[in-house]
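Got the viewer open? Let's take a walk through this one, one selection at a time.

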Protein chains: 2
Amino acid sequence: MDTSQLLKGVLDLAVLAVLRKDDGYGYDVVRRLRAGGLNDVGDASVYGTLRRLYNAGMLTSYVVPSEEGPHRKYYSINETGRGRLAESAEMWRSFASTLDGLLEEVAA
Amino acid sequence: MDTSQLLKGVLDLAVLAVLRKDDGYGYDVVRRLRAGGLNDVGDASVYGTLRRLYNAGMLTSYVVPSEEGPHRKYYSINETGRGRLAESAEMWRSFASTLDGLLEEVAA
DNA sequence: GGACAGTACTACGCATCGCGCAGTACTGTC
DNA sequence: GACAGTACTGCGCGATGCGTAGTACTGTCC
């Protein structure tokens with residue numbers, strides 16, 4: 001009984017959403033997602049998602065050598081990414097309301 | 001750009017929701033899901049889900065020989081299934097509102 | 001009466017993607 | 001100088017939805 005399956009196809013969206021305001025590096029994105037309520041998200045999943053989004057041209061990246069730890073690979077959302085974010089958010093909302101429709105009258 | 005990933009972990013829920021009122025056989029469940037807005041759901045996915053739920057003890061089944069076509073294998077939700085439905089529905093709502101939180105301010 | 005569409009189900013293998021775990025590497029602390 | 005915290009990479013696994021093919025039965029239309 002876990003939420004991991006629910007994340008499928010939605011983690012991209014969540015990561016893009018988190019990056020929409022400020023650039024972030026992997027470890028930081030994980031923290032922001034968890035702070036946002038996605039407590040169970042695995043770090044490997046996030047790093048993987050960042051790489052996928054980067055390879056898909058949704059993100060740009062730059063490395064910043066940190067003075068208190070290893071280097072940090074920052075990711076920044078670009079126009080393509082913003083477009084995708086808007087699209088995916090819309091798709092999510094539509095899907096969620098469809099499912100809510102199916103669930104209506106189901107006692108919680 | 002498809003919704004198939006969004007269905008992950010939610011199809012169980014949708015199928016249980018559809019069966020909560022009336023028993024149904026596979027082909028019929030597919031139609032009800034599509035009528036409910038899940039237009040792209042594959043029939044093989046639904047049959048697979050029904051079998052999974054049955055094996056997990058959430059459903060009982062009985063075969064009715066049809067007079068206008070092949071036999072129909074009806075599925076009926078039982079108490080275990082209803083419990084699971086309530087649980088999953090609650091989990092879904094919680095997850096959905098978490099994601100909505102992350103998405104707030106994202107222009108649609 | 002034979003091809004075809006519709007109904008109903010099964011089985012096989014594939015692709016996606018989140019996860020667990022191990023490993024690397026650097027910094028600061030006790 | 002072992003250990004915890006930070007930061008990232010890579011490998012293989014497991015769950016699950018999908019495509020396709022195959023079986024089987026009924027009714028229709030030429």
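Start by selecting residues 15–87 of chain A, where UniProt, in an unreviewed entry, places the feature "domain: Transcription regulator PadR N-terminal". Keep in mind as you click around that this is a predicted model. The span is 51% helix and 19% strand, and its end C-alpha atoms sit 14 Å apart.

**Stop 1: where the two chains meet**

Now show chain A and chain B together. The contact draws 40 residues from chain A and 40 residues from chain B. About 3,600 Å² is buried between the two chains, with carbon and sulfur atoms giving 73% of that area. To see who pays for it on the chain A side, pick Leu6(A), Trp92(A) and Leu102(A): they lose the most area to chain B, together 19% of what that side buries.

How many salt bridges does the rule find across the interface of chain A and chain B? Zero. Polar contacts do turn up there, in six residue pairs with both partners at pLDDT 80 or more.

Next, color helix 1 (11–19) and helix 4 (79–103) of chain A, each of which supplies at least two residues of the side that touches chain B. Helix 4 of chain A gives the most to that side, with 16 residues. Color the side by class and you'll get 23 nonpolar, six polar and 11 charged residues.

**Stop 2: DNA strand D**

Swing over to DNA strand D, which has 28 residues around it. The closest come from both chains: Arg72(A) and Lys73(A), plus Lys8(B), Ser45(B) and Arg52(B). Which part of the strand do the protein's neighbors belong to? Of the strand D atoms within 4 Å of the protein, 73% belong to sugar or phosphate, and the rest to bases.

Zoom in on three spots along the phosphates:

- Lys73(A): a polar backbone atom is 2.5 Å from a phosphate oxygen of strand D.
- Tyr27(A): here too a polar backbone atom comes in, 2.9 Å from a phosphate oxygen of strand D.
- Arg52(B): this time a polar side-chain atom lies 2.6 Å from a phosphate oxygen of strand D.

For the wider view, select the elements that give two or more residues to the surface near strand D: helix 2 (26–35), helix 3 (43–55) and strand 3 (72–77) of chain A, along with helix 1 (4–7) and helix 4 (43–55) of chain B. Helix 4 of chain B gives the most, with four residues. By class, this surface has nine nonpolar, nine polar and 10 charged residues.

**Stop 3: DNA strand C**

Last selection: DNA strand C, surrounded by 28 residues. The closest are Lys8(A), Ser45(A) and Arg52(A) from chain A, and Arg72(B) and Lys73(B) from chain B. Of the strand C atoms within 4 Å of the protein, 74% are sugar or phosphate, with bases making up the rest.

Three more places to zoom:

- Gly42(A): a backbone N or O atom lies 3.1 Å from a phosphate oxygen of strand C.
- Tyr27(B): a polar backbone atom is 2.9 Å from a phosphate oxygen of strand C.
- Arg51(B): a side-chain N or O atom is 3.3 Å from a phosphate oxygen of strand C.

The elements to highlight here, each giving two or more residues to the surface near strand C, are helix 3 of chain A and, in chain B, helix 3 (26–35), helix 4 and strand 3 (72–77). Helix 3 of chain A has the largest share, four residues. The class split for this surface is 10 nonpolar, nine polar and nine charged.

Technical notes:
Residues numbered from 1 in each chain as written. Chains lettered and ligands numbered in written order. Predicted model: local features only at pLDDT ≥ 70, side-chain atom pairs only at ≥ 80, totals over all residues. Heavy atoms only, no water. Near = heavy atom within 4 Å. Polar contact = N/O pair within 3.5 Å; in protein donor to acceptor, adjacent residues only side chain to side chain. Nonpolar A, V, L, I, M, F, W, Y, C, P; charged D, E, K, R; others polar. UniProt positions renumbered as here; feature names shortened; annotations may be inferred. Contact = heavy atoms within 4.5 Å. Buried area = accessible area lost by both parts, 1.4 Å probe. Salt bridge = Lys/Arg side-chain N within 4 Å of Asp/Glu carboxyl O.
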